[in-house]
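Reader: I would like a close look at one enclosed space inside this protein and at the strands around it. Please take the parts in turn and keep to what the model itself shows.

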Amino acid sequence: MIRPLLRIAGLLCALIVTLVLTHAVVAQDDEAPTFPTGTGTASVEARGEVTLPYTITPQGPLFALRPLARLLGAEVRVGPLGKSHSVLMTGGKQVTVGPESPVAVVLEGDGSDDFLSLSRTPVLGLEGVHVPIDFFARTFGDDLGYVFAWDGATGRLTATRDVARLVDARIALDHRQTGIELTTVRLLFSALPRYRIEQEPGRLEINLIGDSLAQPVAGTDRTSPLVDGIATTSSSLVLTLAPGARVPDGSVREINNGLTIDIIRRPGDPVDAPDPEAIVDQPPPAMRTSDPPGIRRIILDPGHGGSAAGAVGTRGTLEKELVLDISRRLASALERQLPVRVFLTRSRDVDLPHDARPAFANENKGDLFISVHLNASFSRSAHGAETYFLAQKASDEAAAASAAFENQGSGPHNDLEMILWDLAHTYHMAESQRLAKLVQEELNQALGLVDRGVKQAPFRVLRGVDMPAILVELGFISNPDEEEKLLDPAYQNGLIDALVRAISRFKTQMETRENLDNREAPETSGPPEGRR
C-alpha cells in the first residue's frame with residue numbers, strides 16, 4: 001500500500017525539480033555529483049601516520065573514516081556494499097555512519113542511544129565512507145581527548161592530545177530506604193571533565209580522559225550500606241559495591257558540573273545475583289543482521305530536556321530528569337523482552353527542539369513512536385495516567401491545556417507543513433488510537449490507577465511522525481503522594497512492565513493483521529510491498 005504521505009511528497013519533489021530546471025543546467029544522466037579527491041596523510045600523536053584519502057566538497061573537506069579510525073585504535077565494521085561503517089570504540093560504544101545522511105547513530109556501552117548531527121553529509125569515496133572532521137572531534141575527541149586540525153595546503157590532518165585540565169571534586173552520599181535501599185552518589189566537579197564509565201558486577205569505575213584530579217576527592221570517608229569502598233587516583237574514581245547492590249541501566253546522569261549515580265538493593269535479592277536488566281547472550285542491537293517483520297524499531301522520546309525542565313514536582317522533581325531515567329530503563333526492558341531495536345531521541349540532558357524528535361524518528365525508520373512525560377495540575381489531588389494520540393482538536397479543555405504546556409518553545413508552522421502532517425497523521429490515526437487504548441488499559445490495571453481515559457490533542461512532538469504515535473503522561477508530579485510513588489524504583493518497574501505488555505500486545509495485533517493481509521493479497525510478479 002502506497003502511503004498518502006509518499007504521494008504528496010512525490011508531487012512536491014516533482015514541483016521542486018521543475019522549478020530548479022528553469023534556473024539551472026542539470027546533467028542528463030542523473031548521476032550523483034562528483035567532487036575533487038586527493039590523498040593526504042593523517043598523523044596521530046604517539047600512534048604514527050597513515051595515508052588518508054579525502055574528498056573536497058563545496059561545504060568543506062571529508063576524510064576517509066576507516067584508516068584514521070583504525071589508527072586511533074578503533075575497530076571498524078563495514079556494512080553491505082560499503083555504504084555504512086560501524087566504529088566500535090572503547091567502553092562498548094558504537095557509532096554508525098553512512099553516506100547521504102548527516103546524522104550518525106551512537107549506541108552507548110550501557111545500551112542507550114543518541115545521535116550526532118554532522119556539519120556535512122558524508123559521501124562514498126576511496127576506502128569507503130568519507131566524513132567531516134567534526135565526526136572525529138565529537139567521537140575520538142570527546143572520548144579520548146584528541147584535537148583535530150586539517151592543513152589543506154599540505155594535505156595533512158593531525159590529531160594531538162588536548163591540554164589536560166586539573167579539576168577539583170567532592171563526593172556526597174545520600175542513603176534512603178523505602179522498601180528498596182537506595183544510595184545516591186553525587187560527584188561535584190569544579191568543571192565537568194571528559195570521562196568514560198566502566199562497570200562490572202560489584203564495581204563501577206569512572207576514568208577521566210585527558211583531565212586529572214587536582215587532589216584526592218574530598219568526602220570519600222562518607223559511606224553507605226550499599227558502598228563498601230571508594231578509591232581515587234589522579235585519573236579515576238572506583239566505587240566498590242556491597243553484596244547484592246547494583247547500578248541500574250541509565251542511573252548515571254550528568255547534572256550541571258557533576259555526576260549523579262543511583263545504587264539500589266532490593267529486599268530478598270540473592271548476593272551477587274546477575275543484573276536482571278543486562279542483556280545476556282545477545283549481540284548488540286545495532287549489529288543484528290536481520291529484523292523480524294512488523295514492529296521492528298521503536299522510538300522512545302523522553303520529554304523536554306536541557307533548558308526545558310517540563311513540570312516540577314512539590315519536592316523539586318524535574319520532569320525532564322525522571323522521564324529520561326524511565327525511558328532508558330524502558331528501552332532496556334523492551335530490547336530484553338521483545339525482538340525490537342529501540343532508539344532514544346535523547347539519552348542525556350540536552351535541549352532538543354520539538355520538530356527534531358519526529359525528524360529523528362523518521363530518519364531512523366521507526367515503526368512506533370512513544371513520547372514519555374509527567375503531568376501537572378493546579379489541583380494537587382489530580383492523579384493517574386493519561387494517554388494521548390494526535391488530533392488538531394483537543395478532546396476537552398484539560399487536554400488542550402496539557403498540549404499547550406507541552407508545546408511551549410515550539411516554533412510556528414506553515415500551511416504546507418500542516419497539509420503534510422495531516423496526511424501522515426490520518427494514515428496512522430486508527431493505529432495510534434489503538435495503541436493509546438492498550439497503554440491506558442495496562443497502566444490502569446497494573447497499578448490500580450484512576451482511569452482518566454484516552455484523549456486526543458494537538459501535541460507538536462507528534463506532528464510529522466510517519467508511524468503510529470502516542471504521548472503518555474505517567475502520573476502527576478504536582479500531587480505529592482503520586483510524586484513520591486513516581487520516585488520509587490519499584491513503582492517505576494510497574495509502569496515499565498505495563499508499557500512493555502501494551503507494546504507487546506500492539507505488536508502482536510499489528511503483525512497478525514499484516515500476515516492476514518499478505519495471505520489475502522493477490523499474487524504479483526514482483527516482491528510484496530511492505531509497510532515502508
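Which strands each supply at least two residues of the lining of the second largest cavity?

Author: The model is a predicted one, and the answer is that β15 (181-189), β17 (203-208) and β20 (236-241) each supply at least two residues of that lining. The cavity is one of two that reach 30 Å³ or more, and the space within this second largest one comes to about 60 Å³. Rolling a probe the size of a water molecule over the atoms is what shows where empty space is left. The residues that line the second largest cavity are L187, F189, I206, L208, L213, V217, S236 and L237. In character, seven residues of this lining are nonpolar and one is polar, while none is charged.

From the cavity one can follow β15 outward into its sheet, which is an open one of four strands in the order β14-β15-β22-β21, with antiparallel pairing. Its edges are formed by β14 (169-177) and β21 (252-255), each of which pairs on one side only, and the twist from one strand to the next averages 20°. At the β21 edge, four bridges join β21 to the antiparallel strand β22, residues 258-265, and within that pairing R253 has T260 of β22 as its bridge partner. In a regular strand the side chains alternate between the two faces of the sheet.

The loop between β15 and β16 (195-200) also deserves attention, since it contains R194. This arginine, R194, counts as buried because its relative accessibility is 17%, which falls under the 20% cut-off for that class. The C-alpha atom of R194 is separated by 6.9 Å from that of D143, although the two residues are 51 apart along the chain.

A second sheet can be described in the same manner. This open sheet has seven strands, in the order β9-β10-β3-β2-β1-β12-β11, and its pairing is mixed. The strands at its edges are β9 (123-125) and β11 (146-151), each pairing on one side only, and neighbouring strands of this sheet are turned against each other by 35° on average, direction ignored. Within the sheet, strand β2 (residues 48-57) and strand β3 (residues 60-64) run antiparallel and are joined by four bridges, with T55 finding its bridge partner in L62 of β3. At the β11 edge, six bridges join β11 to strand β12 (residues 156-161), again in an antiparallel arrangement, and D151 is bridged to R156 of β12. These two strands, β11 and β12, form a hairpin with four residues between them, and G155 in the turn has a positive phi of about 65°.

One helix completes the account. In α5, which covers residues 356-363, the buried residues are R357, P358, F360 and A361. Viewed down the axis of α5, its buried residues fall within an arc of 155°, and therefore they line one face of the helix. Just after α5, K365 takes a positive phi of about 55°.

To return to the request, the second largest cavity holds about 60 Å³ of space, and β15, β17 and β20 each give its lining at least two residues.

How values were computed: Residues numbered from 1 in each chain as written. Predicted model: local features only at pLDDT ≥ 70, side-chain atom pairs only at ≥ 80, totals over all residues. Heavy atoms only, no water. Pairing = 2+ DSSP bridges. Axes fitted to C-alpha atoms, helices over the stretch in contact; angles between N-to-C directions. Buried < 20%, exposed > 50% of the residue type's maximum accessible area, 1.4 Å probe, protein only. Arc of directions from axis to C-beta. 1 Å grid on protein atoms, 1.4 Å probe; cavity = no way out; pocket = protein on both sides within 12 Å on 5 of 7 lines; lining within 4 Å. Points joined across faces, edges and corners; volume = space filled by probe spheres on them. Nonpolar A, V, L, I, M, F, W, Y, C, P; charged D, E, K, R; others polar.
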